[in-house]
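Q: I have a model open and want to go through its local features. Can we start with the backbone and then move on to the side chains?

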Amino acid sequence: MPKPVALILLNWNTPVHTANCILSLKQYCDRRLFDIIVVDNGSTDGSLALLKTQFPGLIYIDNKENLGFAEGNNRGLAYSIEKGYRYSLIMNTDTLVDEDIVAKLSSHLNNHPEAAAVQPAIYWMFDKTKIWNGKGFFNEVLGLIKTNRKLPPPANPADFKLADWITGCCMLIRNSALTKSGLFNKQFFLYYEDVELSFRLRNSGYQVHYLPACKMYHEAGVSGKTEVKKREGFLSPVIHYYISRNRVWFLRKYGNKICYPVYIIGSGFYYISLLIYFKLRGRNEKARYLIKGLKDGLFTPKNLIWPANN
């Protein structure tokens, strides 16, 4: 019988962060509960060989190419389901733990069969007094997809909150629920794929939970940043394409059509302001990616975003 949890780490040119994440998991989490599956997303810096040398006892999947966050993790999820694990724990590689989050999260799902998935409170790596991601919520009237960053008050460790969505930075998912809802939508590639999956899990009859007494730490955005500031800044311009496109895709499927005029007005002000900012700062590539993302978000046919077999 396999261990209960397949812990999936998607690596893309971040061997140092991935190694540090693995070391923290080995230090603080009960290894009897989980196997670590490192999925390499076509790294070009020798990451896979380095990690195999440093951690020879782990399970490795080589995707050969960058499949994005969604499909890259899907390869690990498919392995987890095929091998009979009960749960899959998706974690970003730029995260660290200082407590046994595997035990806490898996115990929560053991005790709550109505929940398909659960996430911990995720704090900033470099300011551990502040929340990076808490309870996810969706304001259907305004079309806002947000997270509550208020520090959770002291509470019973078992206390949880119902969330509208949870983050792929760290989410423990019940594999039996995934077989009903389907995996991440690979069309999203990067960003909002976790929100979209959360809604499909809920539409399959499950809840998604936020467990504030369980915590971890996140550096955030390592794969999308450059080490040296360039003309376009530290953040890769293509990030703006996926964020803008995928948000529009999500609203097209899960938003309230009656509220579309509100979405258009509110988003219009935001995106026009962002475009003006990019132009004033000379960040023309970011402006181009933003416009392309909005165009593809609005006009890509739904049957291409949500194919019948996805």
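Q: Is N13 buried, partly exposed or exposed?
A: N13 is partly exposed, because its relative accessible area is 26%. The classes are: buried under 20% relative accessible area, exposed over 50%, partly exposed in between, with a 1.4 Å probe and protein chains only.

Q: What should I know about the model itself before going on?
A: It is a predicted model, in which local features need pLDDT of at least 70 and side-chain atom pairs count only at pLDDT 80 or more, while totals for chains, interfaces and linings use all residues. Residues are numbered from 1 along each chain as its sequence is written, and side-chain values use heavy atoms, with hydrogens and water left out.

Q: Back to N13. Where is it, and what is its phi?
A: N13 sits in the loop between strand 1 (5-11) and helix 1 (15-28). Its phi is near 60°, a positive value in a residue other than glycine. Helices (H or I, at least four residues) and strands (E, at least two) are DSSP runs, numbered from the N terminus.

Q: And Y191, what is its phi?
A: Y191 is not a glycine either, and has a positive phi of about 80°. Y191 belongs to the loop between helix 5 (175-181) and helix 6 (193-203). At 30% relative accessibility, Y191 counts as partly exposed.

Q: Salt bridges next. How many are there?
A: The structure holds eleven. The criterion is a side-chain nitrogen of Lys or Arg within 4 Å of a carboxyl oxygen of Asp or Glu.

Q: Why would such side chains pair at all?
A: Side chains of opposite charge can pair when their charged atoms come close.

Q: What does D98 pair with?
A: D98 forms a salt bridge with K215, at 3.4 Å from N to O. D98 is in the loop between strand 5 (95-96) and helix 4 (101-111) and K215 is in strand 12 (residues 207-218), so the pair ties together parts that are 117 residues apart in sequence.

Q: Are those two buried or exposed?
A: Neither class fits: D98 is partly exposed at 31% relative accessibility, and K215 is partly exposed at 24%.

Q: What about D30 and R32?
A: Their side chains meet in a salt bridge, 2.9 Å from N to O. D30 is partly exposed, with a relative accessibility of 23%, whereas R32 is exposed at 68%.

Q: And which residue does K130 bridge to?
A: K130 bridges to D127, and the closest N and O atoms are 3.8 Å apart. K130 counts as partly exposed at 48% relative accessibility, and D127 as partly exposed at 28%.

Q: Which residues are joined into a network?
A: D98, E99, K104 and K215 are joined into one network by salt bridges that share partners.

Q: How many disulfides?
A: Zero, with a disulfide taken as a pair of cysteine sulfur atoms within 2.5 Å. C169 is in no disulfide, and its nearest cysteine sulfur, that of C170, is 6.4 Å away. C169 is buried, with 2% relative accessible area. C259 also counts as buried, at 10% relative accessibility.

Q: What does M91 touch?
A: Leaving aside neighbours within four places in sequence, M91 has contacts (heavy atoms within 4.5 Å) that include L9, C21, V97, C169, C170 and M216. M91 lies in strand 4 (residues 87-91) and is buried, at 2% relative accessible area. The C-alpha atoms of M91 and L9 are 5.6 Å apart, although the two are 82 residues apart along the chain.

Q: Now helices. How many residues of helix 7 are buried?
A: 14 of its 17 residues are buried, and the helix is mostly covered. For helix 7 (residues 238-254), the expected span is 24 Å and the end C-alpha atoms are 24 Å apart, which agrees. The expected span is 1.5 Å times one less than the number of residues.

Q: Which residues of helix 9 are buried?
A: They are K286, A287, L290, G293, L294, D296 and G297. Helix 9 (residues 284-299) has 16 residues that should span 22 Å, and its end C-alpha atoms are 23 Å apart, which agrees.

Q: Last topic. Which residues make the nonpolar surface patch?
A: V141, L142, L144 and V262 make it, and its area is about 290 Å². V262 is found in helix 8 (residues 260-280) and is partly exposed, with a relative accessible area of 35%. Patches are made of residues with over 30% relative accessible area and no salt bridge, with like charges joined within 9 Å and nonpolar side chains (Val, Leu, Ile, Met, Phe, Trp, Tyr) within 5 Å. Accessible areas come from the Shrake-Rupley method with a 1.4 Å probe, and for residues only the protein chains shown count as cover.
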